[in-house]
Amino acid sequence: MFDWDDLRVFLAVARTRKIAPAARALGIDATTIARRLARLERTLGPELFEVGTGERTLTAHGQALLSHAESIESAALAAMEEATGREHHLSGQVRLSVAEGFGTWVLAPGLSDFSRRHPGIRLDLITASGFLNPSKREADMAVMLARPQRGRLSVRRMGDYRLHLYAAPAYLAEAGTPRSTADLRGHVLVGYVPEFIFSPELDYLDEVEAGLEASLRATSINMQHRMIAEGAGIGVLPDFIAASDSGLVPVMADRVEIMRSFWLVTHGDLKKLPRIAAVALWLQERIETLKSGVSVGQAN
């Protein structure tokens, strides 16, 4: 028989792909992590990880163990939360993956309220390029721009939001106001770096007019917002961002409107945990507080 606690070490390394961050997450030194992984592999027989370029990737045997380990972890978490009772069940860690714009403009203003309501929950907001995958337990929850098609997931549409073209008055005074989408070809456009667009839903310009390309590009929507606000050019912004900046002017709002949705994605084994439910409720509340460009709705 193997030590059940070695599965916790295995899960940490499988998710971080490195010894050092797994050690920090568990509060165990790296040498102990490596020794316990080696012990688990000796007990089970096959190798669980392949090591290359500083990272550890799961072998086929490791992938098979991951599914069982996650089921064991989920059962243990559920048992602990039921056993601790109502006074303590809103505690623990929740890792939430969100897009940068959503995190900055929708969630950040409400974090002080969340902290006051749930001081026992440690909320990790991950805004790295690309959404972390709850089905692989890279995150507990994610707010995505498209509904995932596979995985052990609970998926709910939280609401729709709109995007429009925006510019600064100074830019329009100098360059003129476009009257048609074809006119945009003669303007400086702000947008994403194409090879770093991590979701097709962020490819706005081609939806405005086929073949449009930005000459000022950034991977960050917040940087794009600042470029547009400072008069660098015309770009697409979510209305919930533009609503916070009175200096922005909508461009061809009657002709160009883009619709997107927020999808709440949760690992299927975690959706009933009280701390997960608390975060989900807060997320819905944050969306409903938006004053512009968002219609709230839910669908499975």
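## Exercises on salt bridges and a helix pair

The side chains of E230 and R226 meet in a salt bridge, with N and O 2.3 Å apart. Keep in mind as you work that this is a predicted model.

**Exercise 1.** Classify E230 and R226 as buried, partly exposed or exposed.

*Solution.* Start with the cut-offs: under 20% relative accessible area is buried, over 50% is exposed, and values in between are partly exposed. E230 has 58% relative accessibility, so E230 counts as exposed. R226 has 41%, so R226 is partly exposed.

**Exercise 2.** Find which residues are joined into one network by salt bridges that share partners, and state how many salt bridges the structure holds.

*Solution.* Shared partners link D3, D5, D6, R8, R36 and R39 into one network. The structure as a whole holds 12 salt bridges. As background, side chains of opposite charge can pair when their charged atoms come close.

**Exercise 3.** Decide whether R157 and D160, which pair in a salt bridge, are buried or exposed.

*Solution.* First, locate the pair: the closest N and O atoms of R157 and D160 are 3.3 Å apart. Next, apply the 20% cut-off for buried residues. R157 has 19% relative accessibility and therefore counts as buried. D160, with a relative accessible area of 17%, is buried as well.

**Exercise 4.** Work out which parts of the chain the salt bridge between R162 and E257 ties together.

*Solution.* Begin with the contact itself, where N and O of the R162 and E257 side chains are 3.7 Å apart. Then place each residue: R162 lies in strand β6 (residues 153-167), and E257 sits in the loop between β10 (249-251) and β11 (258-267), so the pair ties together parts that are 95 residues apart in sequence. Finally, check accessibility: R162 is partly exposed at 25%, and E257 is partly exposed at 46%.

**Exercise 5.** Describe how helix α1 packs against helix α2, and sort the contact residues by character.

*Solution.* Take the geometry first. Helix α1 (residues 5-16) and helix α2 (residues 19-26) pack at an angle of about 130 degrees, and their axes are 8 Å apart. That angle makes α1 oblique to α2. The crossing of α1 past α2 is right-handed. Now list the contact: α1 contributes R8, V9, A12, V13 and T16, while α2 contributes I19, P21, A22 and L26. Sorting these residues gives 7 nonpolar, 1 polar and 1 charged. A nice link back to Exercise 2: R8 takes part in this helix contact and also belongs to the salt-bridge network.

Definitions and conventions:
Residues numbered from 1 in each chain as written. Predicted model: local features only at pLDDT ≥ 70, side-chain atom pairs only at ≥ 80, totals over all residues. Heavy atoms only, no water. Axes fitted to C-alpha atoms, helices over the stretch in contact; angles between N-to-C directions. Helix = DSSP H or I, 4+ residues; strand = E, 2+ residues; numbered from the N terminus. Parallel < 35°, antiparallel > 145°, perpendicular 65-115°, else oblique. Left-handed = near helix turned anticlockwise from the far one by under 90°. Contact = heavy atoms within 4.5 Å. Nonpolar A, V, L, I, M, F, W, Y, C, P; charged D, E, K, R; others polar. Salt bridge = Lys/Arg side-chain N within 4 Å of Asp/Glu carboxyl O. Buried < 20%, exposed > 50% of the residue type's maximum accessible area, 1.4 Å probe, protein only.
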